[in-house]
Amino acid sequence: MVRSLWTGASGMIGQQANIDTISNNLANVNTAGFRRMRADFEDLIYQTIRTAGTPATENTVVPVGIQMGHGVTLAGTQRVFTQGALQNTDVVTDMAIMGDGFFRIQMFDGSWAYTRNGNFHVDPTGRMVTSNGYWLLPDIIMPELFLPDSITVTPDGRVSVIVPDIDDEPIQVGQIDLFRFPNPVGLTAIGENLFRATGASGDAIPGVPGYEGMGRIAHRHLEMSNVSVVREMVDLIIAQRAYEFNSRTIQTSDSMLATAVGLVR
């Protein structure tokens, strides 16, 4: 019965981690470019009391073994990289990726990060940056005296603006590249809607939007979170009930121990 106490406790700990994951998904339901997370579990080591195939007699073996489990543990939290819904914002610096790929961002320390959040801005130097001032790579730098409302981005990532003193026709000022990974679930989230590459994700593969498996750019749109509130609420109810069931096993084991102790009196 002591084993059942720890087994039930492992189940409660596991479901608490599940609820933590679900709550983070719900908290980011309106975060542009957010990818929902899923808690994955695995059973713990088993105590083998009798091994299947053990000789029973000279000519027979035991067909079924006896194993006692020790509960559950959190195996990982996996990102689900399905497409989020597109929202039309009419903001000329907003971009959404339709399909596979990430924008590359240069951090203040010179390292690279990747994001699906296309909520960009133009800083005082004319460079296209994120909301936190990180540079979009390759560099997109606007010329002086350009018309801010004239920024256009084609589905294949070509950025053009109008500079009245030069020409009344749009001129191309840069090309947006996208980057994909052999195993995107191996990316590490670092906050601020950013991911870093790891040994598990593999090296970033650059490409032009719309070609060789890369997604296309939707100008004046943002890709919203792929979190489904209804699904998360259903998962939350299931996790809550599972937590209650595991707590009930602990209560039952405690009641049985109390009964056993009472026999001694």
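These are legends for five close-up views of a predicted model.

**View 1. Phe102 meets Phe195 edge-to-face.** Searching the whole structure turns up eight aromatic pairs, and here is one of them: the ring centres of Phe102 and Phe195 are 6.1 Å apart, with the planes at 70 degrees. That angle is over the 60 degrees cut-off, so the pair counts as edge-to-face. Phe102 comes from the loop between β6 (95-98) and β7 (103-106), while Phe195 belongs to strand β17 (residues 194-196). The contact therefore ties together parts that lie 93 residues apart in sequence. Both Phe102 and Phe195 are buried.

**View 2. Phe103 and Phe120 make another edge-to-face pair.** Their ring centres sit 5.1 Å apart and the planes are at 90 degrees, so this pair is edge-to-face. Phe103 is in strand β7, and Phe120 is in the loop between β8 (112-115) and β9 (121-122). With their positions 17 residues apart in the chain, the two link distant parts of it. How buried are they? Phe103 has a relative accessible area of 0%, and Phe120 likewise comes out at 0%.

**View 3. An aromatic cluster, with Arg104 over one of its rings.** Ring pairs join Phe81, Phe102, Tyr114, Phe179, Phe181 and Phe195 into a cluster. Phe102 and Phe195 will look familiar from the edge-to-face pair in the opening view. Which cluster ring does Arg104 lie over? It's Phe179: Arg104 is over the face, at 4.0 Å from the ring centre. Arg104 has a second ring to deal with too, as its charged end sits over Trp112, 3.6 Å from the centre of that ring.

**View 4. Three strands build an open, antiparallel sheet.** The order across the sheet is β12-β13-β14. Which strands are at the edges? Those are β12 (152-153) and β14 (167-175), each of which pairs on one side only. Zooming in, β13 (residues 158-163) and β14 run antiparallel to each other, paired over five bridges. One residue to pick out is Val163, whose bridge partner in β14 is Asp167. As a reminder, strands of a sheet pair through backbone hydrogen bonds.

**View 5. Ile49, Ile66 and Met68 form a nonpolar surface patch.** The patch made by these three residues covers about 240 Å². Ile66 sits in strand β3, which spans residues 66-68. Is Ile66 buried or exposed? Somewhere in between: its relative accessible area is 32%, so Ile66 is classed as partly exposed. That value also clears the over 30% cut-off for patch residues.

Definitions and conventions: Residues are numbered from 1 along each chain as its sequence is written. This is a predicted model: local features need pLDDT of at least 70, side-chain atom pairs count only at pLDDT 80 or more; totals for chains, interfaces and linings use all residues. Side-chain values use heavy atoms; hydrogens and water are left out. Patches are made of residues with over 30% relative accessible area and no salt bridge: like charges are joined within 9 Å, nonpolar side chains (Val, Leu, Ile, Met, Phe, Trp, Tyr) within 5 Å. Accessible areas come from the Shrake-Rupley method with a 1.4 Å probe; for residues, only the protein chains shown count as cover. A salt bridge is a side-chain nitrogen of Lys or Arg within 4 Å of a carboxyl oxygen of Asp or Glu. Helices (H or I, at least four residues) and strands (E, at least two) are DSSP runs, numbered from the N terminus. Buried means under 20% relative accessible area, exposed over 50%, partly exposed in between (1.4 Å probe, protein chains only). Rings of Phe, Tyr and Trp (its six-membered ring) pair if their centres lie within 6.5 Å; planes under 30 degrees apart count as stacked, over 60 as edge-to-face and the rest as tilted. A charge sits over a ring if NZ of Lys or CZ of Arg is within 6 Å of the ring centre and within 35 degrees of the ring normal. Two strands pair if DSSP finds at least two bridges between them.
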